[in-house]
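Here's a quick walk through a protein–DNA model. Have a look at the sequence and the structure, then read on.

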2 protein chains.
Amino acid sequence: MRFVSAEQVAKLAGVSRSAVSRTFTEGASVAPATREKVLKAAEELGYHVNDLARGVLANQSRLVGVVATKPEIGFRAHLTAALTKALIRRGSIPVLINTGETEEELLAAQKMLIGHRAEATVILSGSPPASFFELAQRNGQPLVVIGRSEPDADRVLAGNAEASREAADTFIAAGRRRLAVIGSRSATPSIAEREIAFVAAAEASGFVVRIAHGRDSDYDGGIIAARELFSEGERPDAIFCANDLLAFGAMDVIRQEFSLSVPDDVALIGFDDVPEAAWLSYDLTTFRQDPAAIAARAVMLLDRRQQNPDEPRACERVIPQIVFRKSFSRS
Amino acid sequence: MRFVSAEQVAKLAGVSRSAVSRTFTEGASVAPATREKVLKAAEELGYHVNDLARGVLANQSRLVGVVATKPEIGFRAHLTAALTKALIRRGSIPVLINTGETEEELLAAQKMLIGHRAEATVILSGSPPASFFELAQRNGQPLVVIGRSEPDADRVLAGNAEASREAADTFIAAGRRRLAVIGSRSATPSIAEREIAFVAAAEASGFVVRIAHGRDSDYDGGIIAARELFSEGERPDAIFCANDLLAFGAMDVIRQEFSLSVPDDVALIGFDDVPEAAWLSYDLTTFRQDPAAIAARAVMLLDRRQQNPDEPRACERVIPQIVFRKSFSRS
DNA sequence: ACGCGGTCTGCACGGCTGTGCAGCAAACAG
DNA sequence: CTGTTTGCTGCACAGCCGTGCAGACCGCGT
């Protein structure tokens with residue numbers, strides 16, 4: 001019996017347990033004198049209300065699940081951090097479910113969240129199976145999906161299509177002709193979306209786009225894809241990378257293995273604007289995504305859903321802004 | 001009443017609530033037939049045990065707090081991810097408290113954790129005030145501190161002193177004579193420890209060490225410190241950076257602003273071996289810290305403390321291994 | 001002095017669960 | 001066939017908390 005209960009505080013303060021409960025309940029009616037006594041006793045014993053029991057009563061727990069695979073990498077790290085911060089500020093308790101790609105692992109995590117009566121779940125990555133959504137639905141658990149167009153849940157989307165089109169148009173306007181795009185084979189929805197939109201926009205203007213894929217959408221992926229692009233076929237003079245990490249890998253290969261110049265020989269545009277994009281070695285032109293803004297929208301959707309659970313699914317868009325740096329400038 | 005209760009399942013299955021409870025309790029005695037009936041009813045209603053209520057009864061919640069400031073940056077991102085993964089594998093529920101540096105913010109977070117009867121708290125960074133430890137102690141909440149020598153808690157320490165000494169000795173053995181170290185003004189304990197140990201080791205061998213500080217221990221910090229080192233005074237030919245991010249900033253300034261060569265003019269050693277250290281642009285010689293290993297030790301300490309709460313405080317050391325890359329090689 | 005209104009307080013209940021205990025039926029041994 | 005063991009089951013209680021309700025008490029007006 002490690003924790004102090006309200007009973008013990010009541011005994012020490014010489015009041016009933018109800019008085020203790022009321023002292024710690026917002027807006028309950030307690031006389032200042034007893035309130036004082038209770039607080040003193042609580043302080044002496046080191047008492048804290050048991051939020052678990054409170055949650056049992058109210059059928060809610062203030063827990064919010066944050067589901068992500070590889071939350072330490074690239075933009076996702078920043079998104080995870082922004083989200084947890086926003087949740088804490090809101091008074092929620094962020095539970096970070098760092099899960100592998102396996103379907104069963106994901107379902108196990110969800111069962112854990114439902115078991116603990118998590119109020120909502122935010123999904124940052126991965127492609128949850130249909131049963132995931134169904135389970136959440138049946139338990140009335142609000143779901144917010146970020147960066148994936150999932151009709152069965154509230155969602156926050158980056159303007160992937162708009163940005164990718166802008167990338168293509170800007171390349172073309174600057175006189176670049178041999179376009180390429182780098183995506184990844186293990187296609188995250190947003191990565192795939194950017195790749196497809198870029199190709200579509202370029203083709204609409206009458207250009208052919210070479211496509212290369214890394215294994216994952218990370219630095220090594222950029223390395224692999226760039227090697228493929230430059231060791232055979234027509235050498236590109238402008239590459240749109242579906243995220244910054246891919247761009248870093250590609251840039252390093254272009255400069256160091258093929259001794260070409262960025263931006264003179266090859267222009268590069270990335271996506272996300274992670275802090276590394278501003279590092280002197282890269283100085284990458286990229287689309288800025290504000291993690292705090294995305295997190296704020298997600299929390300807003302959560303609030304709204306909790307107030308009217310039966311509203312139709314909503315979708316918030318956050319439009320990324322291009323940031324020009326040395327790897328590609330307009331003129 | 002969004003969630004299904006055991007009562008409802010019992011009614012549907014035509015058994016008592018106890019039978020339902022036992023069905024979902026490990027090692028309880030239930031007849032296979034009733035077990036079957038209960039499972040079927042539970043499946044039909046979408047029932048999940050309320051772990052909150054279970055926790056109230058057992059006075060434990062499976063929640064484990066993970067407290068970190070800026071968990072998105074550098075090595076800490078990897079440590080956070082490794083820790084949450086290890087905790088989940090252990091069956092715990094990691095609550096990521098992403099807090100600012102403020103003392104009151106930290107205390108609020110801790111109150112939240114205690115209120116929810118978190119079983120333990122792992123602290124990754126920041127310098128919690130004494131009251132933090134006292135509060136944890138009084139509530140019998142196990143505390144594990146990583147990378148900080150805090151006698152009132154179990155702790156996992158990197159071999160900062162050993163590694164820093166090795167850095168100094170290796171520089172000297174390779175014929176480097178004008179040594180410098182880069183730390184930060186907002187000194188994290190481990191950053192400060194590395195700086196001090198390096199200086200001590202070099203001085204023991206009769207060398208003077210120039211010291212430069214960034215504002216924080218990140219990329220910008222490295223930039224600022226390197227500018228200071230190279231714009232005045234005797235130019236160093238070997239710099240030990242208290243972490244990799246500082247090294248990246250320093251390396252970029254050395255090469256691009258002062259047009260010097262790494263490693264010919266200046267050798268660099270970093271600390272942590274974050275993935276970026278292996279990127280072609282940096283190829284940084286550094287001390288490898290394995291986040292998974294550190295996380296595993298932390299979880300081990302947690303387990304041990306939970307089994308015998310009265311054991312004396314323990315301290316686990318994980319010794320970093322130097323990884324040689326291009327920024328400094330032995331010969 | 002007496003009645004009345006208002007403010008607190010304590011009781012008891014409700015919200016979920018795990019589990020000791022006693023009882024019951026079935027199985028088994030003699 | 002009967003006595004005993006065994007295996008399940010249901011009851012009731014414990015573990016925390018918030019809150020409706022009725023009653024106590026205090027202050028005040030007449």
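How much area do chain B and chain A bury between them? About 5,700 Å², with 60% of it on carbon and sulfur atoms; buried area here is the accessible area (1.4 Å probe) that two parts lose on being put together, summed over both.

## Ground rules

This is a predicted model, so to speak of local features a pLDDT of at least 70 is needed, side-chain atom pairs count only at pLDDT 80 or more, and totals for chains, interfaces and linings use all residues. Residues are numbered from 1 along each chain as its sequence is written, chains are lettered from A and ligands numbered from 1 in the order in which they are written, and side-chain values use heavy atoms, leaving out hydrogens and water.

## Where chain B meets chain A

On the chain B side, B:F3, B:L52 and B:W279 lose the most area to chain A, together 14% of what that side buries. The contact (heavy atoms within 4.5 Å) takes 59 residues from each of chain B and chain A.

As for polar links, there are 18 residue pairs in polar contact, both at pLDDT 80 or more. A polar contact is a pair of N or O atoms within 3.5 Å; within protein, one must be able to donate a hydrogen and the other to accept it, and residues adjacent in sequence count only if both atoms are side-chain atoms. Salt bridges between the two chains come to zero (a side-chain nitrogen of Lys or Arg within 4 Å of a carboxyl oxygen of Asp or Glu).

## Around DNA strand D

Now for the DNA. 27 residues surround strand D, and the closest are A:S21, A:R54, A:L57, B:R22 and B:T34; near means that one of a residue's heavy atoms lies within 4 Å of the strand. Sugar and phosphate make up 56% of the strand D atoms that come within 4 Å of the protein.

B:R22 reaches a base: an N or O atom in its side chain is 2.7 Å from a base oxygen of strand D. Backbone N or O atoms of two other residues lie by phosphate oxygens of the strand, at 2.9 Å for B:S16 and 3.2 Å for B:A31.

## A spot in chain B

B:T170 lies in helix α8 (residues 160-173) of chain B; helices are DSSP runs (H or I, at least four residues), numbered from the N terminus. Is B:T170 buried or exposed? Buried, because its relative accessible area is 12%, and the cut-off for buried is under 20% (1.4 Å probe, protein chains only). Leaving aside neighbours within four places in sequence, B:T170 is in contact with B:F324, B:F328 and B:R330.

Note on methods: Helices (H or I, at least four residues) and strands (E, at least two) are DSSP runs, numbered from the N terminus. Buried means under 20% relative accessible area, exposed over 50%, partly exposed in between (1.4 Å probe, protein chains only).
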